[in-house]
Each structure stands twice: as C-alpha cells, then as structure tokens.
Amino acid sequence: MRTITGGKSRLHFTGFHPDGTITNGSLNIPRADECRIDGNTLHMLQYPNADLIAWTWTLLAPTSEWHDKFPPRYFAAMPLREGLRGTAETPWCVYDRDHDKAVNAIGQAVEDSAAYFATQAEADDLVQRLEPAGTTYYSYGRKPADGDCAYDIDDMAITYGDGPWPYQHRERGGPTSVRLAPKTEYLSWGNERVMVWPRRFGQAEADLHLYVRQQGGYAMVWRCKIAIDLLADTFTLPDHCPPTLREQAAAKAQRILDLVATGRRERHIYLQPLTARDRAAHARAAKTSDPWPHERARRPRPLPKATPPPADVQTVEQHREVWQRVGPDEWLTAGPGDSQRPQLYRHDTTSMLRFGAVAPLPSPPLRELERIGAAMIGRTLALPTRQPGRRLYELTVQHAEAGFLYGPTDRGYHTAVHLAATGLLTNRPGSLTDRHGQLICVGAQIHEYTSNRIGLEPAGRLIGAFRVVGFNSAAGVLFTDRYAEHDQPEAVAFPADVEVLDTPAGQADQD
C-alpha cells in the first residue's frame with residue numbers, strides 16, 4: 001500500500017474530465033475492507049467488502065510514456081472548484097496544471113475574471129500562443145541569453161573549403177555538417193546548439209530547438225527545420241512555425257548566414273575556423289598560467305578558383321559530385337530518384353561553377369559511357385565507398401544514363417554513381433592485354449573469371465568462354481557476347497578478369 005501511494009498517508013488528486021471540467025479532492029488511505037490491491041493498482045470499493053469498484057488508482061512508472069499520460073501544462077478547461085470558476089457568460093479558462101490556477105494572456109497565474117473566455121476556441125487560441133502544438137521538453141535546457149549571440153563552430157575536424165558552404169571535413173573532404181553554439185558559455189547550451197547540413201546545389205538545412213518556456217530543470221522547446229539558400233543568402237521558415245516563435249527562428253537563421261559569410265571571408269586567410277573550443281582555450285590561458293594555444297594555421301596558397309573546364313574534358317568532379325558533359329554548354333549529374341530511375345539535374349557551365357571548383361576525371365566520350373553503362377544493366381557491382389571502416393558496397397544496376405549507374409544497394413537505399421568514380425574504368429593507354437599479358441583482339445575467344453569488383457562469387461572462379469565483340473582501350477574495358485542468348489549484344493568485361501584462348505587469323509592488333 002505504501003509503495004502504491006508513494007509512502008503517503010493521504011492522497012491529493014486533481015481530476016481532468018473529457019468535457020473539460022476539473023475536480024479536486026483528497027483521500028485517506030483506505031482500510032483493508034475498503035479496497036482491493038492488484039499489483040500496482042489500488043481498486044477503491046463502493047462500500048466495505050463490496051464487489052463493485054468505485055474508482056481505481058494505478059502507479060505509473062517514471063518513463064517517457066508516464067509523461068504522455070498527463071495533460072499538458074496549459075489546456076482549456078471549465079473548473080468546478082470553488083474559487084476557481086468563471087461566470088455563466090465566460091466559463092472557459094486556460095488552466096495551468098503546475099500552479100493549479102487559471103492564467104492570463106501572458107501566462108501569469110491569476111484568479112481574475114479577465115482570464116476567462118466565453119468559448120473554448122478562445123481559450124484554445126491562448127493555449128497555442130503559450131505552448132504551441134508539438135512542444136516537447138529538453139533535459140537541462142536553458143533560456144536563450146539576452147542580446148544577439150553570434151554562433152561559433154562547436155565541432156571538430158572542420159576546415160575551410162571552396163563553394164557556397166565554406167566548411168569541409170578534414171578527413172573525408174567535401175562539404176560537411178557542422179554543429180553551432182552561441183558565443184557565450186562553453187559546453188552549456190544543449191537546446192541552443194544548432195545542426196546545419198549542406199545540401200546539393202547551394203542549399204542547406206538547419207535543425208532548431210526554439211525555446212518556449214522553462215519547466216523545472218528542463219526547457220520546453222519547439223523543434224523545426226529551416227531551409228537556407230546559400231547562393232541567395234536567404235532562409236525560409238516553415239509555414240507551421242507558430243507566430244510567437246517566428247522572430248526567434250528568424251534571428252537564429254540570420255546568425256547562421258552571418259557565420260557562413262564570416263567563413264567565406266576567412267577561408268582565403270586561414271585553413272580552419274576558430275571553434276568554440278579554441279575560444280574557450282584562449283580565454284582560459286588568459287586567466288591562468290596554461291600555455292597559450294596554437295594560433296590558426298594560415299593558408300599557404302590561395303583556394304583554387306572555379307574556372308571552366310577545357311572543351312575536350314567530358315567529366316569533372318566537384319567535391320563529391322560528378323558532372324558529365326552532355327552538350328557544348330550543358331552538364332548533367334544524377335541523384336537518388338524513384339525505384340526505377342534516378343533524378344537528373346542539368347546546369348550550364350556558369351551555374352555549375354557556382355557550386356565550387358571542378359577537377360577533370362579521366363573518362364571516355366559520352367557515347368562510350370552509354371555503351372558501357374548499357375552492358376552493366378542487371379549486374380551487381382562491388383564499388384568502393386568513402387566511408388571509413390567499410391571499403392566496398394554492392395550496387396545492382398537497374399538503369400544507366402550518360403555514364404551514371406543507378407539501382408539499389410546492399411544497404412537498403414537507391415543511389416547513382418558515375419562510371420568514372422567507380423574505379424572500374426582503368427583508363428590505361430595503349431593496347432589491352434589479358435591477365436597473362438596477351439593481346440586482346442576483336443573476335444578472340446576468352447575465358448572470363450569472377451573478381452571482387454563485379455558479382456557476389458569469390459574471385460577467380462571461371463564464368464565461361466566467350467567471344468570478344470569490341471573494346472575501348474581508353475576506358476580499359478572490352479565487350480563480349482556473354483549475354484547474346486538474352487538479346488543483349490554486348491557485355492562489359494575487364495582485362496584483368498579474362499584469359500585469351502586463341503586469336504583469330506588476320507587480327508594482329510586492336511583496331
């Protein structure tokens with residue numbers, strides 16, 4: 001009994017009814033013949049030794065579900081308790097469960113008729129202003145500091161790079177997400193930290209926890225994502241953002257843009273930004289005898305400029321993006337689409353260079369890429385990944401276009417990858433030779449073996465004997481009649497995976 005009642009001898013309760021009414025009361029611990037105990041449940045009987053139950057008390061475990069079983073702090077109600085009641089014309093109020101009182105328009109607990117409303121809709125409107133729908137609690141959260149608190153990078157291994165998003169990862173390379181924190185007190189701003197993710201084509205997304213109010217040892221926050229256009233230096237707040245929080249969200253979004261502008265200026269001077277940890281170390285060294293932290297390293301040479309690639313370059317790489325030339329001034333890249341085809345993006349040279357500098361990738365002409373890609377459809381490739389700890393992932397090719405291979409991976413998602421970034425095109429000049437150094441000619445009979453690059457079989461297993469029907473020395477691939485019986489005239493193969501059995505008469509070289 002003491003466990004169920006929390007060790008109390010008298011229970012005080014507030015009842016919240018579905019019709020919006022509230023009842024209050026208290027109850028002495030009952031005698032044994034006035035109740036029945038079932039686990040963590042205490043059944044109050046209508047009279048001693050009765051079979052009928054009047055009401056039930058249940059001990060709730062202190063979990064996240066436990067919080068969900070209680071009403072929110074503010075809600076519309078028609079209280080029935082003496083001293084907490086409106087009039088016949090204004091029976092509704094906004095009830096504060098924490099203080100057991102009605103509140104006025106700014107959330108102050110009062111017992112005044114001005115805090116009551118004629119309809120429930122008016123009371124619900126005040127509830128939305130005091131605590132918007134979707135508000136959650138943040139452990140050890142704090143109220144934002146007064147004034148304009150600029151942001152610092154509160155992350156590690158961040159360096160400066162080119163492009164509209166100036167922050168890159170020191171080890172992985174390319175634009176990376178960063179965590180930001182106000183320039184106030186180091187390591188004390190859980191709910192005020194912001195995560196920002198760079199997206200494709202000069203876009204970014206930020207995750208905000210907007211402060212609503214304090215609740216004991218934690219803060220009530222409203223979480224939202226805002227879209228940032230890094231090319232236009234603008235941001236867009238979500239339409240469902242409450243009016244009372246839009247000013248706070250806009251201020252935080254502007255601080256993000258200010259930090260981006262600072263990074264664009266400093267990247268021409270320094271290799272990495274000044275982080276919150278660096279700032280705290282400088283402040284500690286200034287107050288104590290700690291050694292002075294190292295200064296930021298300056299950039300030894302300017303960042304590469306985004307210059308147009310030469311006319312003979314067909315494929316370029318921009319950070320982790322690969323672009324394929326499909327016209328004199330038209331470039332194409334691909335990304336995840338639906339279950340069958342990728343999402344294709346087309347830009348002219350000027351628009352492409354706005355996203356950063358480009359570097360040429362060795363690649364055959366577009367026509368040959370289309371040919372190789374068509375021969376890859378239906379095959380499972382083992383491709384290298386840039387993520388540390390795992391070297392390969394498997395891609396089953398469903399669609400090929402302009403050198404991009406698209407399909408599901410063994411990790412459960414669809415992706416698009418360019419042939420020039422797969423490592424399958426060796427791009428070695430001169431004639432093609434097999435695994436033993438023999439010249440490969442059109443019409444030659446070959447044995448093809450499995451490798452650790454294509455297919456799921458162990459490397460070195462014989463696939464079969466096929467005839468060479470074509471090749472591309474620049475791309476380092478040959479084509480066989482492996483799938484001729486399936487109405488596919490060409491199947492791609494790699495010289496390191498084949499062995500020449502015979503060379504047809506009259507074929508002295510690869511023409």
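Here is a walk through two open sheets and two nonpolar cores of this structure, which is a predicted model.

Let us start with the sheet that holds strand β20. This open sheet has 5 strands in the order β23-β22-β21-β20-β24, with antiparallel pairing. Its edges are β23 (343-347) and β24, each of which pairs on one side only.

Within that sheet, look at β20, residues 315-318, and follow the chain into β21, residues 321-327; the two strands pair in the antiparallel sense over 4 bridges. At the turn, Q318 stands opposite E321 in β21. The hairpin has 2 residues between its strands, and H319 takes a positive phi near 55° there. On its other pairing, β20 meets β24 (residues 359-360), again antiparallel, over 2 bridges. Here E317 has A359 of β24 as its bridge partner. Towards the opposite edge of the sheet, β22 (residues 330-335) runs antiparallel to β23 and is joined to it by 5 bridges. One residue pair to pick out is A334, whose bridge partner in β23 is L344.

Next, turn to the nonpolar interior. In soluble globular proteins, nonpolar side chains tend to be buried together. The largest nonpolar core in this model has 31 residues, and L180 and V196 are those with the most contacts inside it. At least two core residues each come from β12 (151-153), β13 (158-160), β15 (178-182), β16 (194-198), β17 (203-215), β18 (218-229) and α3 (243-266). Helix α3 gives the largest share, 7 residues. For a view from V196, leave aside residues up to four places away in sequence: V196 then touches W165, S177, V178, L180, A204, E205, A206 and I256. Apart from this core lies another one, of 20 residues, among them L369, I372, A375 and L424.

Our last stop is the open sheet with the order β33-β32-β31-β30-β34, made of 5 strands with antiparallel pairing. Its edge strands are β33 (491-493) and β34 (498-502), each pairing on one side only. On average, neighbouring strands of this sheet are turned by 50° against each other, direction ignored. At one edge, β32 (residues 477-480) pairs with β33 in the antiparallel sense over 3 bridges, and F479 stands opposite V492 of β33. Which helix packs on this sheet, touching β31, β32 and β33? Helix α6, residues 366-376, does so, and its direction makes about 55° with that of β32.

How values were computed:
Residues are numbered from 1 along each chain as its sequence is written. This is a predicted model: local features need pLDDT of at least 70, side-chain atom pairs count only at pLDDT 80 or more; totals for chains, interfaces and linings use all residues. Side-chain values use heavy atoms; hydrogens and water are left out. Two strands pair if DSSP finds at least two bridges between them. A nonpolar core is a set of buried Ala, Val, Leu, Ile, Met, Phe, Trp, Tyr and Cys residues joined through side-chain atoms within 4.5 Å. Buried means under 20% relative accessible area, exposed over 50%, partly exposed in between (1.4 Å probe, protein chains only). Contact means heavy atoms within 4.5 Å. Axes are lines fitted to C-alpha atoms, for helices over the stretch in contact, and angles run from 0 to 180 degrees between N-to-C directions.
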